[in-house]
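Biologist: I would like to learn how to read a model like this one, feature by feature. Could you walk me through it?

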Amino acid sequence: MGTPLELEPAAPPHRARTGVRPAPPSKRVSLPLLLSTLCAALVLSIVCGAGIGASGLSWGEVLRHMWAGLTGGSISQGEVAAYTIVWELRFPRAVLAAIVGAGLSAIGVAVQAMVRNALADPFVLGISSGAAVGANAVLLFGAFGALGLWALSTAAFLSALLAMTLVYVIARTADGLTPLRLVLTGTAMYYGFSAVTTFMVFAAERGEAARSAMMWLLGSLGGAGWASVPIAAGAVLAGLAHLAVSARRLNALAMGDETAAALGVDAGRLRKELFLVCAAVTGAVVAVSGAIGFVGLMVPHAARMLVGADHRRLLAVAPLAGAVLLIWVDILSRVVLAPVELPVGVLTAVIGVPCFVLLMRRRSYTFGGA
């Protein structure tokens with residue numbers, strides 16, 4: 001099969017039936033300027049994530065402790081408590097929020113291209129609800145207790161892989177994976193796994209465990225630590241690398257299978273690749289943060305309004321924007337009702353719904369079928 005042709009972001013005549021119309025070229029933001037701004041905002045956001053909290057630490061203390069942690073510098077005995085708050089609690093939480101936000105946003109872009117549906121997000125495949133079953137088994141019944149701190153992540157990831165396998169087996173036909181069957185199967189499995197997790201919560205005897213399970217189901221970064229970062233970072237970086245290499249093929253796939261075939265892209269094979277990548281990254285992210293919704297739906301649309309529908313641009317902008325967004329949502333979750341912490345998923349919905357409505361009102365979006 002020939003090498004896929006390079007695609008320009010301009011849409012074919014039937015584009016209106018398959019997804020979101022790109023913004024007119026004249027209104028797009030300069031990509032280098034936007035990326036520079038987002039990178040600066042990301043660094044600033046991580047610093048703010050490490051500095052903002054209930055403990056009254058000055059910014060000088062925060063920066064000094066961050067620098068000591070990064071360089072292996074020494075601290076005095078009287079600064080141990082403040083150092084622990086900054087380096088062991090807040091800083092890894094901000095870094096993990098950035099990783100999770102970037103992963104959800106990138107996978108949101110990929111899923112919307114894979115199923116050719118602008119309403120799709122990383123959870124449309126039922127992977128997040130599958131991961132919730134394993135996580136609840138740990139939180140409520142002590143499953144995988146021998147793994148200690150790794151029990152929750154391991155159980156969530158393994159159940160996510162199981163959910164991925166079930167969706168793949170059910171959705172696959174002799175003709176391969178089709179967008180419609182993926183969406184319908186993923187939606188059905190989502191409700192099925194959600195019913196299982198709800199039953200587990202009601203069947204649990206420990207009230208505090210049930211509360212922790214509900215907190216995790218709604219999304220939370222409260223348990224973040226440096227031990228959680230490598231797995232999530234590795235999965236997200238590997239997923240981003242694969243999607244970046246596949247950006248031109250994603251442009252073709254978003255135009256429809258016939259157009260993709262005419263341009264030398266095997267739509268069925270690409271859809272299988274994307275399914276595996278999306279499932280693996282979503283499972284790894286959900287394992288460390290719980291089910292945080294709306295980021296993978298809203299951020300790709302906002303990125304399209306800024307840089308158009310070319311996936312080479314989208315996959316550069318969306319992860320950075322998602323990272324910045326989730327850091328600030330996590331900060332809000334800690335300070336809005338301090339010392340009580342709100343689930344991150346609740347705030348992403350509260351913020352995301354009105355923002356998404358405004359996006360729809362400002363542009364002429366057309367939602368296509370699968």
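Modeller: Happily; we will go through the fold, the aromatic rings, the pockets, a few single residues and the cysteines.

Biologist: What should I know before I start?

Modeller: This is a predicted model, so local features need pLDDT of at least 70 and side-chain atom pairs count only at pLDDT 80 or more, while totals for chains, interfaces and linings use all residues. Residues are numbered from 1 along each chain as its sequence is written, and side-chain values use heavy atoms, with hydrogens and water left out.

Biologist: How many helices and strands does the chain have?

Modeller: Helices (H or I, at least four residues) and strands (E, at least two) are DSSP runs, numbered from the N terminus. Here the chain has 14 helices and zero strands. Buried means under 20% relative accessible area, exposed over 50%, and partly exposed in between, with a 1.4 Å probe and protein chains only. Of the 370 residues in the chain, 53% are buried. A contact means heavy atoms within 4.5 Å. Among the contacts with a separation of 6 or more, 78% join residues 24 or more positions apart.

Biologist: Now the rings. How many aromatic pairs are there?

Modeller: A pair of aromatic rings is described by the distance of the centres and the angle of the planes. Rings of Phe, Tyr and Trp (its six-membered ring) pair if their centres lie within 6.5 Å; planes under 30 degrees apart count as stacked, over 60 as edge-to-face and the rest as tilted. The whole structure holds five aromatic pairs. One of them is W87 with W226: the centres are 5.0 Å apart and the planes stand at 40°, so the pair is tilted. W87 belongs to helix α3 (residues 80-115) and W226 to the loop between α7 (207-217) and α8 (229-245), so the pair ties together parts that are 139 residues apart in sequence.

Biologist: Are those two tryptophans buried or exposed?

Modeller: W87 is buried at 12% relative accessible area, and W226 is partly exposed at 27%. Another pair, Y190 and Y191, is edge-to-face, with 5.3 Å centre to centre and 80° between the planes. Y190 is partly exposed at 34%, and Y191 is exposed at 57%. There is also a cluster: W87, F91 and W226 form one aromatic group.

Biologist: Next, pockets. Which residues lie closest to the centre of the largest pocket?

Modeller: Rolling a probe the size of a water molecule over the atoms shows where empty space is left. On a 1 Å grid over the protein atoms alone, a pocket is an open set of points where a 1.4 Å probe fits, with protein on both sides within 12 Å along at least five of seven lines; lining residues have an atom within 4 Å of a point. Grid points are joined across faces, edges and corners, and a volume is the space filled by probe spheres set on the points. The largest pocket has about 630 Å³ of space. It is lined by 25 residues, and F123, S128, S129, Y190 and S194 are the closest to its centre. Helix α6 gives the largest share of that lining, 10 residues. Ala, Val, Leu, Ile, Met, Phe, Trp, Tyr, Cys and Pro count as nonpolar, Asp, Glu, Lys and Arg as charged, and the others, Gly among them, as polar. By that rule the lining has 15 nonpolar, nine polar and one charged residue.

Biologist: And what is the volume of the second largest pocket?

Modeller: About 480 Å³. Of its 22 lining residues, L152, G222, G223, A224 and V288 are the closest to the centre, and α7 gives the most, four residues.

Biologist: Which residues does S129 touch?

Modeller: S129 sits in helix α4 and is buried at 5% relative accessible area. Leaving aside neighbours within four places in sequence, S129 contacts M189, Y190, F193, S194 and T197. As for G223, this residue is in the loop between α7 and α8 and is exposed at 70%.

Biologist: Last one: how many disulfides are there?

Modeller: A disulfide is a covalent bond between the sulfur atoms of two cysteines. The working test is a pair of cysteine sulfur atoms within 2.5 Å, and the structure holds zero disulfides. C39 is partly exposed at 39%, whereas C278 is buried at 1%.
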